[in-house]
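Work through these short exercises with the model open beside you. Try each task before you read its solution.

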Amino acid sequence: MSAQIIDGKEFAAKLRANIAIHVERLKKEHDITAGLAVIIIGHDPASQVYVRNKAKQTLEVGMNSFKYELADDVSEAELLKLIDELNNRDEVHGILVQMPVPKHIDATKIINALNPAKDVDMFHPLNAGKLMTGQIGPVSCTPLGCLMMLRDVHGSLEGKNAVVIGRSNLVGKPMAQLLLRDNCTVTMAHSRTKDLPNVVRQADIVVAAVGRAKMVKGDWIKKGASVIDVGINRIDAPERGQGKTRLVGDVDFESAKENAAFITPVPGGVGPMTIACLLANTVTTACLINGLKPPKDLTA
Ligand code: NDP
């Protein structure tokens with residue numbers, strides 16, 4: 001039987017509608033308009049589309065959007081100065097620096113300069129530590145979105161075997177922490193993992209965050225497992241015409257959906273949820289900064 005497709009677009013639309021309600025409530029009850037600042041460096045067309053999308057959705061849920069487009073050759077000092085300004089600006093509750101930054105800028109320095117209270121994608125080590133020790137704080141947007149979708153289809157995740165493939169600070173590690181927090185038994189796999197297919201075959205939940213097109217094959221997936229495909233890979237698509245490309249995930253969707261019970265597609269799965277969770281995190285930080293309890297349905 002073919003898997004049920006988890007529609008990330010629809011899920012994200014519902015989440016944004018809920019975020020809009022919380023944004024409105026913050027305005028009405030506390031006179032706070034949540035505000036998100038996004039900094040993008042350089043003119044990579046894909047990143048620009050992504051940032052434009054973020055700004056549009058930020059405004060649509062009723063938040064303030066602050067967008068800073070800096071030149072490729074902006075100095076580290078100028079970027080740090082802007083971050084310092086935003087760190088101290090009251091109407092900014094979330095700051096996102098679009099990664100990666102150019103090579104002449106030290107990404108660690110930038111991350112450490114962020115006010116942790118406004119660090120909406122959990123770059124800062126203080127927030128990573130909060131996640132690890134079970135304290136409330138902003139959680140990386142992509143894993144948060146994955147967790148929300150998994151909770152939606154399963155209710156409780158308790159006792160499930162989860163395998164997270166990939167151990168980046170932004171996706172794999174926080175994903176594993178969140179699943180652990182939800183009482184899964186978690187295995188983290190990476191490029192040195194031995195016999196990955198058999199490791200994945202034990203999983204009730206598979207989260208693939210690798211960056212390798214269709215690496216996870218259908219016969220790696222246990223019957224009835226849930227598969228969350230974080231990967232975004234552009235491959236040639238000659239069937240669409242000469243020079244055309246298309247996006248695929250890290251999972252071989254067609255074969256995996258024959259064994260999985262639930263699966264996210266690429267595109268239209270994790271991607272839309274990532275942006276929605278950025279907005280959710282901005283509501284969370286706006287609440288925390290103002291001494292209010294963040295809405296439970298927007299947090300991990
Ligand atoms: P990174 O490149 O930072 O990490 C990739 C991870 O995959 C590493 O831990 C690496 O292991 C592991 N890996 C590489 N090759 C293999 C292999 N053959 N077998 C097992 N593990 C392997 O990537 P990110 O975590 O930043 O992103 C992963 C993917 O998710 C990318 O395609 C990215 O575009 C996508 N992405 C999508 C988002 C969304 O919103 N949908 C958001 C963020 C990312 P090791 O540590 O040993 O090198």
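**Exercise 1. A polar contact of the ligand**

How far is an oxygen atom of the ligand from an N or O atom in the side chain of serine 168?

Solution. This is a predicted model. Find the side chain of serine 168 and pick its N or O atom; the distance to an oxygen atom of the ligand is 2.6 Å. Now apply the cut-off: a polar contact is a pair of N or O atoms within 3.5 Å. The pair at serine 168 is 2.6 Å apart, so it counts as a polar contact.

**Exercise 2. More partners**

Find the distances from the ligand to the side chains of arginine 212 and threonine 274.

Solution. Start with arginine 212. One of its polar side-chain atoms lies 3.0 Å from a nitrogen atom of the ligand. Go on to threonine 274. An N or O atom of its side chain is 2.8 Å from an oxygen atom of the ligand. Next, look at the surface of the ligand. Taken alone, the ligand exposes 940 Å², and the protein buries 70% of that.

**Exercise 3. The shell**

Describe the residues around the ligand.

Solution. Count first: 21 residues surround the ligand. Those that come nearest are Arg167, Ser168, Ser191, Arg212 and Thr274. Then sort the shell by type: 9 residues are nonpolar, 10 are polar and 2 are charged. Last, ask which element gives the largest share. That is helix 10, residues 270–289, with 3 residues.

**Exercise 4. Two cysteines**

Why do cysteine 277 and cysteine 141 form no bond?

Solution. Recall the chemistry. A disulfide is a covalent bond between the sulfur atoms of two cysteines. Its cut-off here is a sulfur pair within 2.5 Å. The closest cysteine sulfur to that of cysteine 277 is in cysteine 141, 6.5 Å away, and that is too far for a bond. The structure holds 0 disulfides. Now check the surroundings. Cysteine 141 has 2% relative accessibility, so it counts as buried. Cysteine 277 has 0%, so it is buried too.

**Exercise 5. Isoleucine 105 and the domains**

Is isoleucine 105 buried or exposed?

Solution. Locate it first: isoleucine 105 sits in the loop between strand 4 (94–97) and helix 4 (107–113). Its relative accessibility is 5%, so isoleucine 105 counts as buried. Now step along the chain. Asparagine 233 is 128 residues from isoleucine 105, and their C-alpha atoms are separated by 26 Å. Finish with the domains. The assignment gives domain 1 as 30–117 and domain 2 as 141–271. Their centres, taken over C-alpha atoms, are 28 Å apart.

Notes. Residues numbered from 1 in each chain as written. Predicted model: local features only at pLDDT ≥ 70, side-chain atom pairs only at ≥ 80, totals over all residues. Heavy atoms only, no water. Buried < 20%, exposed > 50% of the residue type's maximum accessible area, 1.4 Å probe, protein only. Domains from an automatic or database assignment. Near = heavy atom within 4 Å. Polar contact = N/O pair within 3.5 Å; in protein donor to acceptor, adjacent residues only side chain to side chain. Areas by Shrake-Rupley, 256 points an atom, 1.4 Å probe, with all protein chains shown as cover. Helix = DSSP H or I, 4+ residues; strand = E, 2+ residues; numbered from the N terminus. Nonpolar A, V, L, I, M, F, W, Y, C, P; charged D, E, K, R; others polar.
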